[in-house]
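Thanks for sending this one over. Here are my notes, in the order I'd look at things on screen.

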Amino acid sequence: MSYDMSRAVRNAQVADLEVTRFAAVDIDWIKTYVRDPIPAMNRFAAPRRGWAFRAARTLLYPGYSTGIQGLTHLQATQRMGYGWAKSPTGVAYQDVNALVGPGEMHLTETLGANRLAAQSPILLGGDRFNVLMPIPYVSNLLSMTPPTPAQIAAIKVATDDDARAIAAGALFAIGTDVPLNPPGVTNHSNLMALGLSMSNYQALQAITINAAKIAYKDKDLGTVEVGKLADLTIVDGDPLQDLKYAAAVHYVVKNGVVYTLDQIIAPFKSPAQLAARRKALVAFDKRCKEDSRNCFVEAHSAGD
(Lines give C-alpha, C1' and ligand atoms only; values in the text may rest on other atoms or scores of the structure.)
Protein backbone atom coordinates (compact mmCIF):
# COMPACT_ATOMS: atom_id res chain seq x y z
CA MET A 1 0.00 0.00 0.00
CA SER A 2 1.33 3.44 -0.89
CA TYR A 3 0.47 6.72 0.80
CA ASP A 4 0.84 10.32 -0.37
CA MET A 5 1.33 12.44 2.74
CA SER A 6 -1.78 14.62 3.04
CA ARG A 7 -1.41 15.41 6.75
CA ALA A 8 0.55 18.36 8.08
CA VAL A 9 3.73 17.09 9.76
CA ARG A 10 5.31 20.07 11.47
CA ASN A 11 8.03 18.48 13.56
CA ALA A 12 9.93 15.28 14.29
CA GLN A 13 7.59 14.25 17.10
CA VAL A 14 4.53 14.29 14.83
CA ALA A 15 6.56 12.41 12.20
CA ASP A 16 7.23 9.65 14.73
CA LEU A 17 3.48 9.36 15.40
CA GLU A 18 2.84 9.08 11.67
CA VAL A 19 5.44 6.33 11.33
CA THR A 20 3.69 4.36 14.09
CA ARG A 21 0.44 4.70 12.17
CA PHE A 22 2.08 3.58 8.90
CA ALA A 23 3.33 0.42 10.58
CA ALA A 24 -0.09 -0.35 12.05
CA VAL A 25 -1.88 -0.29 8.68
CA ASP A 26 0.96 -1.91 6.68
CA ILE A 27 1.88 1.04 4.46
CA ASP A 28 5.08 0.27 2.56
CA TRP A 29 5.71 3.45 0.55
CA ILE A 30 5.06 7.12 1.33
CA LYS A 31 5.59 10.39 -0.46
CA THR A 32 6.49 13.40 1.63
CA TYR A 33 5.96 16.83 0.15
CA VAL A 34 7.74 20.12 -0.41
CA ARG A 35 6.92 21.77 2.91
CA ASP A 36 7.88 18.82 5.06
CA PRO A 37 10.48 20.19 7.54
CA ILE A 38 13.96 18.70 7.51
CA PRO A 39 13.69 17.16 11.04
CA ALA A 40 10.60 15.26 9.86
CA MET A 41 12.41 14.15 6.69
CA ASN A 42 15.09 12.65 8.89
CA ARG A 43 12.42 10.58 10.63
CA PHE A 44 11.05 9.30 7.32
CA ALA A 45 14.46 8.18 6.06
CA ALA A 46 13.72 4.48 6.57
CA PRO A 47 17.16 2.90 5.93
CA ARG A 48 18.67 4.98 8.70
CA ARG A 49 16.07 3.83 11.21
CA GLY A 50 15.35 0.25 10.08
CA TRP A 51 11.64 0.73 9.34
CA ALA A 52 9.90 -1.44 6.76
CA PHE A 53 8.41 1.34 4.62
CA ARG A 54 10.24 3.42 2.01
CA ALA A 55 9.86 7.15 1.40
CA ALA A 56 10.10 9.54 -1.53
CA ARG A 57 10.42 13.30 -1.66
CA THR A 58 9.69 16.12 -4.11
CA LEU A 59 13.00 17.87 -3.42
CA LEU A 60 16.34 16.35 -4.40
CA TYR A 61 18.12 18.23 -1.65
CA PRO A 62 17.87 18.06 1.32
CA GLY A 63 15.93 14.85 0.71
CA TYR A 64 19.05 13.04 -0.52
CA SER A 65 21.13 14.07 2.46
CA THR A 66 18.57 12.65 4.91
CA GLY A 67 18.67 9.19 3.32
CA ILE A 68 15.22 9.32 1.69
CA GLN A 69 15.28 6.85 -1.20
CA GLY A 70 13.04 8.44 -3.82
CA LEU A 71 12.54 11.62 -5.79
CA THR A 72 9.08 12.31 -7.19
CA HIS A 73 9.93 15.29 -9.41
CA LEU A 74 13.23 16.59 -10.65
CA GLN A 75 11.81 20.00 -9.82
CA ALA A 76 8.89 21.01 -7.63
CA THR A 77 7.57 24.13 -5.93
CA GLN A 78 10.86 24.72 -4.16
CA ARG A 79 10.90 27.08 -1.19
CA MET A 80 14.51 26.56 -0.16
CA GLY A 81 16.97 28.74 -2.03
CA TYR A 82 19.70 26.09 -2.05
CA GLY A 83 17.75 23.09 -3.29
CA TRP A 84 16.99 23.74 -6.95
CA ALA A 85 17.56 20.70 -9.20
CA LYS A 86 17.04 22.60 -12.47
CA SER A 87 18.32 25.80 -13.99
CA PRO A 88 15.99 28.75 -14.74
CA THR A 89 15.65 27.32 -18.27
CA GLY A 90 14.44 23.99 -16.90
CA VAL A 91 17.60 21.92 -17.39
CA ALA A 92 19.15 19.53 -14.86
CA TYR A 93 22.92 19.22 -15.01
CA GLN A 94 25.61 16.68 -14.14
CA ASP A 95 25.49 17.31 -10.40
CA VAL A 96 21.88 16.10 -10.31
CA ASN A 97 22.63 12.95 -12.29
CA ALA A 98 25.56 12.25 -10.00
CA LEU A 99 23.03 11.78 -7.20
CA VAL A 100 20.22 9.92 -8.99
CA GLY A 101 22.47 8.07 -11.44
CA PRO A 102 24.00 5.47 -9.11
CA GLY A 103 20.50 4.25 -8.29
CA GLU A 104 20.74 5.16 -4.62
CA MET A 105 17.79 7.52 -5.07
CA HIS A 106 15.15 6.47 -7.60
CA LEU A 107 13.37 9.04 -9.77
CA THR A 108 9.65 9.23 -10.57
CA GLU A 109 9.08 12.10 -12.97
CA THR A 110 5.83 13.97 -13.47
CA LEU A 111 5.27 15.71 -16.79
CA GLY A 112 2.48 17.91 -18.12
CA ALA A 113 2.26 16.70 -21.71
CA ASN A 114 -1.46 16.20 -22.25
CA ARG A 115 -1.42 18.20 -25.48
CA LEU A 116 0.24 15.17 -27.05
CA ALA A 117 -3.13 13.45 -26.59
CA ALA A 118 -5.10 16.23 -28.30
CA GLN A 119 -7.70 14.91 -30.75
CA SER A 120 -6.54 11.33 -30.18
CA PRO A 121 -9.37 8.89 -31.00
CA ILE A 122 -7.66 6.31 -28.80
CA LEU A 123 -7.41 8.44 -25.66
CA LEU A 124 -10.26 10.93 -26.12
CA GLY A 125 -12.81 8.73 -27.84
CA GLY A 126 -14.91 5.64 -27.20
CA ASP A 127 -16.73 4.53 -24.08
CA ARG A 128 -13.61 4.51 -21.93
CA PHE A 129 -13.40 8.29 -22.24
CA ASN A 130 -17.08 9.12 -22.77
CA VAL A 131 -18.29 7.03 -19.85
CA LEU A 132 -15.42 6.87 -17.37
CA MET A 133 -13.48 10.15 -17.59
CA PRO A 134 -14.43 12.26 -14.55
CA ILE A 135 -16.61 15.24 -15.44
CA PRO A 136 -14.22 18.12 -14.54
CA TYR A 137 -11.62 17.03 -17.11
CA VAL A 138 -13.83 16.38 -20.13
CA SER A 139 -14.28 19.83 -21.68
CA ASN A 140 -10.65 20.78 -21.10
CA LEU A 141 -9.37 17.65 -22.82
CA LEU A 142 -11.74 17.91 -25.78
CA SER A 143 -10.84 21.57 -26.35
CA MET A 144 -7.09 20.92 -26.50
CA THR A 145 -5.28 21.60 -29.76
CA PRO A 146 -2.19 19.64 -30.84
CA PRO A 147 1.07 21.03 -29.49
CA THR A 148 3.01 23.60 -31.47
CA PRO A 149 6.67 22.93 -32.31
CA ALA A 150 7.63 25.28 -29.46
CA GLN A 151 5.48 23.36 -27.00
CA ILE A 152 6.96 20.05 -28.12
CA ALA A 153 10.43 21.52 -27.68
CA ALA A 154 9.54 22.57 -24.12
CA ILE A 155 8.37 19.04 -23.31
CA LYS A 156 11.58 17.63 -24.78
CA VAL A 157 13.70 19.79 -22.48
CA ALA A 158 12.19 17.88 -19.56
CA THR A 159 12.37 14.44 -21.15
CA ASP A 160 15.98 15.03 -22.21
CA ASP A 161 16.73 15.45 -18.49
CA ASP A 162 15.07 12.10 -17.85
CA ALA A 163 17.06 10.44 -20.62
CA ARG A 164 20.30 11.76 -19.16
CA ALA A 165 19.33 10.45 -15.73
CA ILE A 166 18.66 7.00 -17.21
CA ALA A 167 21.98 7.08 -19.07
CA ALA A 168 23.68 7.87 -15.75
CA GLY A 169 22.13 4.74 -14.24
CA ALA A 170 18.99 6.08 -12.53
CA LEU A 171 16.05 3.82 -11.75
CA PHE A 172 13.38 5.85 -13.53
CA ALA A 173 9.59 5.65 -13.77
CA ILE A 174 6.93 8.02 -15.04
CA GLY A 175 4.12 9.19 -12.78
CA THR A 176 1.22 11.65 -12.67
CA ASP A 177 -0.26 14.11 -10.22
CA VAL A 178 -3.80 12.77 -10.55
CA PRO A 179 -6.26 14.19 -9.49
CA LEU A 180 -4.44 17.42 -10.36
CA ASN A 181 -4.23 15.99 -13.88
CA PRO A 182 -6.69 13.78 -15.80
CA PRO A 183 -6.43 10.06 -14.98
CA GLY A 184 -5.36 7.68 -17.71
CA VAL A 185 -4.80 10.32 -20.38
CA THR A 186 -1.96 11.83 -18.35
CA ASN A 187 -0.24 8.46 -17.98
CA HIS A 188 -0.27 7.86 -21.71
CA SER A 189 0.58 11.39 -22.82
CA ASN A 190 3.56 11.30 -20.46
CA LEU A 191 4.58 7.96 -21.95
CA MET A 192 4.45 9.46 -25.45
CA ALA A 193 6.46 12.44 -24.22
CA LEU A 194 9.28 10.13 -23.11
CA GLY A 195 9.49 8.89 -26.69
CA LEU A 196 10.80 12.32 -27.69
CA SER A 197 14.07 11.64 -25.86
CA MET A 198 14.54 7.88 -25.55
CA SER A 199 13.67 4.60 -27.23
CA ASN A 200 10.11 3.32 -27.00
CA TYR A 201 11.47 0.32 -25.12
CA GLN A 202 13.01 2.55 -22.43
CA ALA A 203 9.81 4.58 -22.23
CA LEU A 204 7.72 1.43 -21.74
CA GLN A 205 10.05 0.25 -19.00
CA ALA A 206 9.22 3.48 -17.15
CA ILE A 207 5.59 2.38 -16.73
CA THR A 208 6.16 -1.35 -16.27
CA ILE A 209 9.19 -2.98 -14.65
CA ASN A 210 10.78 0.23 -13.37
CA ALA A 211 7.53 1.34 -11.75
CA ALA A 212 7.23 -2.10 -10.16
CA LYS A 213 10.79 -1.88 -8.80
CA ILE A 214 10.19 1.56 -7.34
CA ALA A 215 7.02 0.27 -5.66
CA TYR A 216 8.94 -2.81 -4.41
CA LYS A 217 6.50 -5.04 -6.30
CA ASP A 218 8.79 -6.33 -9.05
CA LYS A 219 8.61 -9.90 -7.72
CA ASP A 220 4.93 -9.92 -8.68
CA LEU A 221 4.49 -7.28 -11.40
CA GLY A 222 6.27 -5.38 -14.16
CA THR A 223 7.25 -8.16 -16.57
CA VAL A 224 5.60 -11.22 -18.10
CA GLU A 225 7.29 -14.13 -16.34
CA VAL A 226 6.38 -17.50 -14.90
CA GLY A 227 5.37 -17.05 -11.27
CA LYS A 228 4.29 -13.41 -11.53
CA LEU A 229 0.71 -12.18 -11.31
CA ALA A 230 -1.18 -12.44 -14.60
CA ASP A 231 -2.16 -8.76 -14.68
CA LEU A 232 -1.88 -7.73 -18.34
CA THR A 233 -3.34 -5.46 -20.97
CA ILE A 234 -3.77 -6.72 -24.54
CA VAL A 235 -3.57 -3.86 -27.06
CA ASP A 236 -4.26 -3.33 -30.76
CA GLY A 237 -0.94 -2.32 -32.30
CA ASP A 238 2.72 -2.43 -31.28
CA PRO A 239 3.80 0.16 -28.69
CA LEU A 240 7.43 -0.59 -29.51
CA GLN A 241 6.75 0.93 -32.93
CA ASP A 242 4.39 3.70 -31.76
CA LEU A 243 3.75 4.49 -28.10
CA LYS A 244 0.18 5.61 -28.76
CA TYR A 245 -0.81 1.95 -29.12
CA ALA A 246 -0.11 1.33 -25.44
CA ALA A 247 -3.49 3.00 -24.84
CA ALA A 248 -5.34 0.96 -27.49
CA VAL A 249 -6.52 -1.58 -24.93
CA HIS A 250 -8.57 -4.47 -26.27
CA TYR A 251 -8.58 -6.84 -23.31
CA VAL A 252 -7.56 -6.63 -19.65
CA VAL A 253 -6.27 -9.71 -17.84
CA LYS A 254 -6.62 -9.51 -14.05
CA ASN A 255 -5.41 -12.41 -11.92
CA GLY A 256 -5.46 -14.55 -15.04
CA VAL A 257 -9.11 -13.73 -15.90
CA VAL A 258 -9.73 -12.04 -19.28
CA TYR A 259 -12.15 -9.10 -19.47
CA THR A 260 -13.27 -7.13 -22.52
CA LEU A 261 -13.63 -3.36 -22.35
CA ASP A 262 -17.39 -3.80 -22.76
CA GLN A 263 -17.48 -6.00 -19.67
CA ILE A 264 -15.48 -3.51 -17.64
CA ILE A 265 -17.53 -0.48 -18.67
CA ALA A 266 -20.98 -2.12 -18.62
CA PRO A 267 -21.69 -1.41 -14.91
CA PHE A 268 -21.33 2.32 -15.62
CA LYS A 269 -23.58 2.44 -18.70
CA SER A 270 -27.09 2.08 -17.36
CA PRO A 271 -29.57 4.57 -18.87
CA ALA A 272 -29.88 6.32 -15.52
CA GLN A 273 -26.09 6.66 -15.13
CA LEU A 274 -25.62 7.98 -18.67
CA ALA A 275 -28.44 10.50 -18.21
CA ALA A 276 -26.92 11.68 -14.93
CA ARG A 277 -23.54 12.06 -16.62
CA ARG A 278 -24.97 14.17 -19.45
CA LYS A 279 -26.70 16.38 -16.89
CA ALA A 280 -23.50 16.76 -14.88
CA LEU A 281 -21.49 17.72 -17.99
CA VAL A 282 -23.98 20.46 -18.84
CA ALA A 283 -24.00 21.75 -15.25
CA PHE A 284 -20.20 21.80 -15.03
CA ASP A 285 -19.81 23.67 -18.32
CA LYS A 286 -22.44 26.17 -17.22
CA ARG A 287 -20.63 26.89 -13.94
CA CYS A 288 -17.35 27.22 -15.81
CA LYS A 289 -18.81 29.82 -18.20
CA GLU A 290 -20.29 31.75 -15.29
CA ASP A 291 -16.98 31.90 -13.39
CA SER A 292 -13.63 30.73 -14.75
CA ARG A 293 -12.59 29.72 -11.23
CA ASN A 294 -15.01 26.81 -11.59
CA CYS A 295 -13.16 25.47 -14.65
CA PHE A 296 -10.55 22.76 -14.53
CA VAL A 297 -7.03 24.00 -15.26
CA GLU A 298 -4.00 21.78 -15.76
CA ALA A 299 -1.89 21.80 -12.62
CA HIS A 300 1.49 21.25 -14.26
CA SER A 301 3.34 22.07 -17.40
CA ALA A 302 6.14 19.87 -18.69
CA GLY A 303 9.04 19.51 -16.34
CA ASP A 304 7.40 20.87 -13.20
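**Notes on the model**

1. Start with Pro 179, which sits in the loop between β6 (172-175) and α9 (185-194). Keep in mind that this is a predicted model. The peptide bond leading from Val 178 into Pro 179 is cis, and its omega is near 15°.

2. Next, have a look at the β7, β8 and β9 strands. β7 (232-235) pairs with β8 (residues 249-254). The β7 and β8 pairing is antiparallel and runs over four bridges. On the other side of the list, β8 and β9 (257-260) are also antiparallel, joined by four bridges.

3. Val 252 is a handy residue for finding your way around these strands. Thr 233 has Val 252 in β8 as its bridge partner, and Val 252 also stands opposite Tyr 259 in β9.

4. What does Asn 255 do in the hairpin of β8 and β9? The hairpin has two residues between its strands, and Asn 255 takes a positive phi there, near 55°. Asn 255 isn't a glycine, so that positive value is worth a look. The residue lies in the loop between β8 and β9 and is exposed, with a relative accessible area of 56%.

5. Tyr 216 is another non-glycine residue with a positive phi, here near 60°. You'll find Tyr 216 in the loop between α11 (209-214) and β7. Tyr 216 is partly exposed, at a relative accessible area of 40%.

6. On the surface, Ile 234, Tyr 251 and Val 258 make up a nonpolar patch, with about 240 Å² of accessible area together. Tyr 251 belongs to strand β8. Its relative accessible area is 31%, so Tyr 251 counts as partly exposed, and that value clears the patch cut-off of over 30%.

7. How many aromatic pairs turn up? The count comes to one. The partners are Tyr 137 and Phe 296, with ring centres 4.7 Å apart and planes at 80°, so the pair is edge-to-face. Tyr 137 is in helix α7 (residues 135-142) and Phe 296 is in the segment after α13 (271-290), so the contact ties together parts that are 159 residues apart in sequence.

8. Are the two aromatic partners buried or exposed? Both Tyr 137 and Phe 296 are buried. Compare that with Tyr 251 in the surface patch, which is partly exposed.

Methods. Residues numbered from 1 in each chain as written. Predicted model: local features only at pLDDT ≥ 70, side-chain atom pairs only at ≥ 80, totals over all residues. Heavy atoms only, no water. Patch = residues over 30% accessible without salt bridge, like charges linked within 9 Å, V, L, I, M, F, W, Y side chains within 5 Å. Areas by Shrake-Rupley, 256 points an atom, 1.4 Å probe, with all protein chains shown as cover. Salt bridge = Lys/Arg side-chain N within 4 Å of Asp/Glu carboxyl O. Buried < 20%, exposed > 50% of the residue type's maximum accessible area, 1.4 Å probe, protein only. Phe/Tyr/Trp six-rings, centres within 6.5 Å; stacked < 30°, edge-to-face > 60°. Pairing = 2+ DSSP bridges.
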